[in-house]
Amino acid sequence: MNLVHLTARRLKVFVRQPAFLLITLIQPAIWLFLFGNLFRRIVELPGFGGGSYLDFLVPGVVVMTAISSSMWSGMGVLEEIDRGTMNRFLSTPVSRGAILTAVVIEQVLSVTIQAVIIVLLGLLAGASLPGGLLGAVFLILSAALLGTIFSALSNTVGMLVRQRETIIGLNTLLLLPLTFLSSAFMAPSLMPGWMQALADGNPVNWALRASRAALSSTVDWADAARYGGALILLAAAMLWLSTRTFRSYQKSV
């Protein structure tokens with residue numbers, strides 16, 4: 001029950017800050033409605049593959065939002081440390097792993113809600129999503145896994161350095177490179193060879209590959225399962241790492 005109670009506690013914070021969720025949706029809306037129209041003819045480039053650029057863009061915007069939102073997770077951990085709440089938890093029998101896992105669950109819920117809204121905005125803008133409801137669900141699950149990975153990473157950094165500036169710098173450092181070293185906005189076949197090589201090892205691109213495989217009119221479940229499985233393994237590894245980091249923090253106080 002430790003995890004249930006801690007998650008409920010974190011969700012109360014989430015419910016009391018609805019403005020934050022709305023603010024984080026402004027940029028995705030701009031990408032969809034402004035850039036979706038501005039670059040709509042990019043699909044005519046030889047090698048892009050044709051189709052609708054808006055259909056291509058929706059997964060990219062969902063994934064980019066998942067990263068940018070979850071990378072702030074460490075800020076919440078730092079607030080718990082500054083208030084002394086984290087140290088009070090250490091004097092209770094609560095599971096150490098559950099403390100940071102609850103923070104991740106809060107972030108994943110936020111990412112999931114954002115992903116659902118972005119998909120609906122994409123449909124409103126004219127996206128068709130050939131994979132249908134099942135493909136859309138797979139896209140949202142991929143975003144949730146990506147949120148788990150980067151939320152756990154942010155928590156790990158927060159526990160290690162305990163400085164807000166470092167988390168802000170990490171978010172600024174990783175967001176755009178990871179996004180543009182993926183197929184978020186451009187077809188892989190039109191990327192330089194060295195960028196394609198880097199994209200192959202980029203978890204952001206794994207989420208996109210998995211999502212687009214499920215959203216295609218001819219669903220490639222083998223590709224979806226392969227990249228989705230890689231995301232699950234990485235998410236589990238990051239959760240384990242954040243828990244180990246918390247134990248290091250526990251020894252330092």
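Reader: Let me start with one residue: in which helix is the place of V63?

Author: V63 sits in helix α4. Please keep in mind as we go that this is a predicted model.

Reader: Is V63 buried or exposed?

Author: The general idea is to compare relative accessibility with a cut-off: a residue under 20% counts as buried. V63 has a relative accessibility of 1%, so V63 is buried. Another thing to look for is a residue that is far off along the chain but has its C-alpha atom close by in space. For V63, take A184: 121 residues separate the two along the chain, yet their C-alpha atoms are 7.8 Å apart.

Reader: How many helices and strands does the protein have?

Author: There are 12 helices and 0 strands. Reading from the N terminus, you therefore meet α-α-α-α-α-α-α-α-α-α-α-α. Of the 253 residues in the protein, 50% are buried.

Reader: Which elements have the lowest and the highest mean pLDDT?

Author: With a prediction, look at the confidence of each part as well as of the whole. The mean pLDDT of the protein is 85, and 89% of the residues reach 70 or more. Among the elements, helix α1 (residues 2-15) has the lowest mean, 69, while α11 has the highest, 94.

Reader: Now the rings. How many aromatic pairs does the structure hold?

Author: It holds 8 aromatic pairs. To read a pair, check the distance between the ring centres and then the angle between the planes; planes under 30 degrees apart count as stacked. Take Y53 and F56: the centres are 6.1 Å apart and the planes stand at 25°, so this pair is stacked. Both residues belong to helix α4 (residues 53-70), where they are 3 residues apart, about one turn of the helix.

Reader: Are Y53 and F56 buried or exposed?

Author: Y53 has a relative accessibility of 4%, so Y53 is buried. F56 has a relative accessible area of 14% and is buried too.

Author: For a second pair, turn to F180 and F185. Their ring centres lie 5.6 Å apart with the planes at 45°, so the pair is tilted. F180 is partly exposed, with a relative accessible area of 42%, whereas F185 is buried at 10%.

Reader: Which residues do ring pairs link into a cluster?

Author: W31, F35, F39, F180 and F185 are linked into a cluster by ring pairs. The tilted pair we just looked at, F180 and F185, belongs to that cluster.

Reader: Which residue lies over the face of F56?

Author: That is R212, at 3.8 Å from the ring centre. When you see an arginine by an aromatic ring, check whether its charge sits over the face. F56 is thus worth viewing from two sides, because its ring also stacks with Y53.

Reader: How do I read a pocket, and what is the volume of the largest pocket here?

Author: Rolling a probe the size of a water molecule over the atoms shows where empty space is left. In this model the largest pocket has a volume of about 530 Å³. Its lining counts 22 residues, and those nearest the centre are D55, F56, R212, L215 and S216. So you meet F56 and R212 again, the residues of the charge and ring we discussed.

Reader: Which helix supplies the largest share of that lining?

Author: The largest share, 5 residues, comes from α11. Both α4 and α11 (203-215) supply at least two residues each. By type, the lining divides into 9 nonpolar, 8 polar and 5 charged residues.

Reader: Where are the residues with a positive phi?

Author: Here the tip is to look for a positive phi in a residue other than glycine. L129 is one case, with phi near 50°, and its place is in the loop between α7 (96-125) and α8 (132-161). L129 is buried, with a relative accessible area of 7%. R162 is another case, with phi of about 55°; it lies in the loop between α8 and α9 (164-180). At 39% relative accessibility, R162 is partly exposed.

Reader: What is the relative accessible area of S128?

Author: It is 48%, so S128 is partly exposed. S128 is in the loop between α7 and α8, the loop that also holds L129. The C-alpha atoms of S128 and D55 are 6.3 Å apart, although 73 residues separate them along the chain. D55 is also one of the residues nearest the centre of the largest pocket.

Conventions. Residues are numbered from 1 along each chain as its sequence is written. This is a predicted model: local features need pLDDT of at least 70, side-chain atom pairs count only at pLDDT 80 or more; totals for chains, interfaces and linings use all residues. Side-chain values use heavy atoms; hydrogens and water are left out. Rings of Phe, Tyr and Trp (its six-membered ring) pair if their centres lie within 6.5 Å; planes under 30 degrees apart count as stacked, over 60 as edge-to-face and the rest as tilted. Helices (H or I, at least four residues) and strands (E, at least two) are DSSP runs, numbered from the N terminus. Buried means under 20% relative accessible area, exposed over 50%, partly exposed in between (1.4 Å probe, protein chains only). A charge sits over a ring if NZ of Lys or CZ of Arg is within 6 Å of the ring centre and within 35 degrees of the ring normal. On a 1 Å grid over the protein atoms alone, a cavity is a set of points where a 1.4 Å probe fits but cannot get out, and a pocket is an open set with protein on both sides within 12 Å along at least five of seven lines; lining residues have an atom within 4 Å of a point. Grid points are joined across faces, edges and corners, and a volume is the space filled by probe spheres set on the points. Ala, Val, Leu, Ile, Met, Phe, Trp, Tyr, Cys and Pro count as nonpolar, Asp, Glu, Lys and Arg as charged, and the others, Gly among them, as polar. pLDDT is the predictor's confidence in each residue, from 0 to 100.
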